[in-house]
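Thanks, everyone. I'll keep this short and go feature by feature. Here is the model.

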Amino acid sequence: MEPQLEHTVAGGVATVVISNPAKRNAMTSAMWRALPPLLDTLAADPAVRALVLTGAGATFCAGADISSLRAPEPGDDPQSLAVRAEEALAAFPKPTLAAVRGYCVGGGCQLAAACDLRFAEEGASFGITPAKLGIVYASSSTRRLAALVGPSTAKYLLFSAELIDAERALRTGLVDEVLPTGELDKRVAEFTRILTTRSQLTQAAAKEFANGRTDRDAYWSEQALGSGDTAEGVAAFLERRSPRFEWTASG
């Protein structure tokens with residue numbers, strides 16, 4: 001099977017699967033290049049209200065395909081491709097969740113960190129490994145990691161290139177939930193179903209604010225006034241029914 005990014009959309013949730021089983025789902029240059037336009041397409045789809053990133057089989061992603069670093073295609077800079085893919089994922093306007101099994105290492109951990117949330121199965125392993133290869137980890141990726149886990153843990157991961165288990169990842173904030181073996185898919189489906197019933201207006205504004213955007217208060221106030229979501233949410237609460245929010249991040 002050719003290395004590829006597979007995707008499906010069902011029940012308001014887009015699922016993107018990193019598929020390169022022969023190399024533990026390592027990302028090739030072509031896969032890094034394909035991720036931003038795929039995300040653009042899914043972001044523009046009004047049927048998509050949340051996105052799950054996961055890996056095929058028992059591994060999330062073992063990082064970049066090392067062969068692409070040794071013999072890059074003409075005009076390719078694998079690290080720049082990875083950063084562009086990471087930034088596109090971080091900028092996705094709807095909630096994103098990484099569902100992690102097995103190895104989540106290097107570029108795989110870079111992608112997981114760019115998601116809003118990370119759920120992992122027991123036995124998962126996490127690591128940032130450029131120190132094993134003599135690679136300078138991108139400044140944007142380093143800042144995102146440090147913001148997520150704190151400077152000390154970020155330095156531990158980057159200086160040592162050692163792997164940590166899911167429980168330690170949970171304690172440091174790299175992971176939000178750890179699930180028993182066999183329970184990850186069920187929990188991800190349950191949680192993303194909850195996300196699809198909530199106000200996209202609230203989610204989109206909260207995502208921007210949490211990510212450090214501080215110049216859009218007026219914009220979001222205007223969106224809230226014109227959306228009808230607040231009125232619908234209050235009415236649904238008083239009438240003891242599920243709300244029907246209409247504002248979409250797809251416009």
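One definition before anything else: two strands count as paired if DSSP finds at least two bridges between them. Strands here are DSSP runs labelled E, at least two residues long, numbered from the N terminus. And please keep in mind that this is a predicted model.

So, the sheet. Strand β7, residues 125–127, is joined to β8 by two bridges. The two run antiparallel. Take one bridge: Ser125 has Asp165 as its partner in β8. In general, strands of a sheet pair through backbone hydrogen bonds, either parallel or antiparallel.

Now widen the view. The sheet is open and has three strands, in the order β5-β7-β8. Its pairing is mixed. Which strands stand at the edges? They are β5, residues 103–105, and β8, residues 164–165. Each has a single partner strand, so one side of each has no neighbour in the sheet.

Next, the largest pocket. Its volume is about 730 Å³. The lining has 28 residues. Nearest the centre lie Ala90, Asp116, Lys207, Ala210 and Asn211. Several elements give two or more residues to this lining, including α3, α4, β6 and α10. Which element gives the most? That is α9, with six residues. By class, the lining has 18 nonpolar, eight charged and two polar residues.

On to the nonpolar cores. The largest has 48 residues. Ile18, Leu51, Leu53, Phe60 and Phe126 touch the most other members. Helix α1, residues 29–43, gives the most to this core, with seven residues. Apart from it lies another core, of 11 residues. Ala50, Leu179, Val188 and Phe191 are among them.

Stay with Ile18 for a moment. Setting aside residues up to four places away in sequence, Ile18 touches, among others, Leu5, Met27, Met31, Leu53, Phe60 and Leu111. Polar residues such as Gln4, Asn25 and Thr54 are on that list too.

Two single residues to finish. Thr196 sits in helix α8, residues 184–197. Buried or exposed? Thr196 counts as buried, because its relative accessibility is 14% and the cut-off is under 20%. Beyond its neighbours within four places in sequence, Thr196 is in contact with Gly11, Gly12, Val13 and Arg49.

Gly226 belongs to helix α10. At 66% relative accessibility, Gly226 counts as exposed, since that cut-off is over 50%. One distance: the C-alpha atoms of Gly226 and Arg143 are separated by 35 Å. Along the chain, these two are 83 residues apart.

Key. Residues are numbered from 1 along each chain as its sequence is written. This is a predicted model: local features need pLDDT of at least 70, side-chain atom pairs count only at pLDDT 80 or more; totals for chains, interfaces and linings use all residues. Side-chain values use heavy atoms; hydrogens and water are left out. On a 1 Å grid over the protein atoms alone, a cavity is a set of points where a 1.4 Å probe fits but cannot get out, and a pocket is an open set with protein on both sides within 12 Å along at least five of seven lines; lining residues have an atom within 4 Å of a point. Grid points are joined across faces, edges and corners, and a volume is the space filled by probe spheres set on the points. Helices (H or I, at least four residues) and strands (E, at least two) are DSSP runs, numbered from the N terminus. A nonpolar core is a set of buried Ala, Val, Leu, Ile, Met, Phe, Trp, Tyr and Cys residues joined through side-chain atoms within 4.5 Å. Buried means under 20% relative accessible area, exposed over 50%, partly exposed in between (1.4 Å probe, protein chains only). Contact means heavy atoms within 4.5 Å.
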